[in-house]
Amino acid sequence: MRTKIITNWWSTQLLADQINAALSDLEANGYEIINVQYTSPFFVYTAMIAYK
């Protein structure tokens, strides 16, 4: 299993765009998405994508 961390300082919409782009890229390269977790502590939006 591998992970990809995405961080954004500005908005949840920009983070959503980054997540969607990463998911599209991973799926296009044949990876299976296992889980996506999201957190937003104090002005930082972070997502972790687990895939294999």
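**Rings, core and surface: how the labels are earned**

Q: How many aromatic pairs does the structure hold?
A: The structure holds 1 aromatic pair.

Q: Why is the pair of Y31 and Y51 called edge-to-face?
A: The ring centres of Y31 and Y51 are 5.1 Å apart, with 75° between the planes. Rings of Phe, Tyr and Trp (its six-membered ring) pair if their centres lie within 6.5 Å; planes under 30 degrees apart count as stacked, over 60 as edge-to-face and the rest as tilted, so both values fit the label.

Q: What makes this a link between distant parts of the chain?
A: Y31 lies in the loop between helix 1 (12–28) and strand 2 (33–39), while Y51 belongs to strand 3, 20 residues apart. Helices (H or I, at least four residues) and strands (E, at least two) are DSSP runs, numbered from the N terminus.

Q: What kind of model is this?
A: This is a predicted model, where local features need pLDDT of at least 70 and side-chain atom pairs count only at pLDDT 80 or more, while totals for chains, interfaces and linings use all residues. Residues are numbered from 1 along each chain as its sequence is written, and side-chain values use heavy atoms, leaving out hydrogens and water.

Q: How do you know whether Y31 and Y51 are buried or exposed?
A: Buried means under 20% relative accessible area, exposed over 50%, and partly exposed in between (1.4 Å probe, protein chains only). Y31 has 31% and therefore counts as partly exposed, whereas Y51 has 10% and is therefore buried.

Q: Which residues touch Y51, leaving aside its neighbours within four places in sequence?
A: With contact meaning heavy atoms within 4.5 Å, Y51 meets M1, R2, T3, K4, L26, Y31, E32, I33 and I34. The C-alpha atoms of Y51 and M1 are separated by 5.7 Å, although these residues are 50 apart along the chain.

Q: Why does M1 count as exposed?
A: M1 has 74% relative accessibility, so it counts as exposed. M1 sits in the segment before strand 1, and its contacts beyond four places in sequence are I34, A50, Y51 and K52.

Q: What makes up the largest nonpolar core?
A: Its 10 residues are I6, L15, I19, A22, L23, L26, Y45, A47, I49 and Y51. Helix 1 and strand 3 each supply at least two of them, and helix 1 gives the largest share, 5 residues. Such a core is a set of buried Ala, Val, Leu, Ile, Met, Phe, Trp, Tyr and Cys residues joined through side-chain atoms within 4.5 Å.

Q: Why is A22 called buried?
A: Its relative accessibility is 8%, so A22 counts as buried. A22 is part of helix 1 and touches K4, I6 and I49, not counting residues up to four places away in sequence.

Q: How do you know whether T46 is buried or exposed?
A: T46, in strand 3 (residues 45–51), has a relative accessible area of 19%, so T46 is buried. Among the residues that T46 touches, beyond four places in sequence, are I5, L15 and Y38.

Q: Why does W10 count as exposed?
A: W10 reaches 72% relative accessibility and therefore counts as exposed. W10 is in the loop between strand 1 (2–8) and helix 1.
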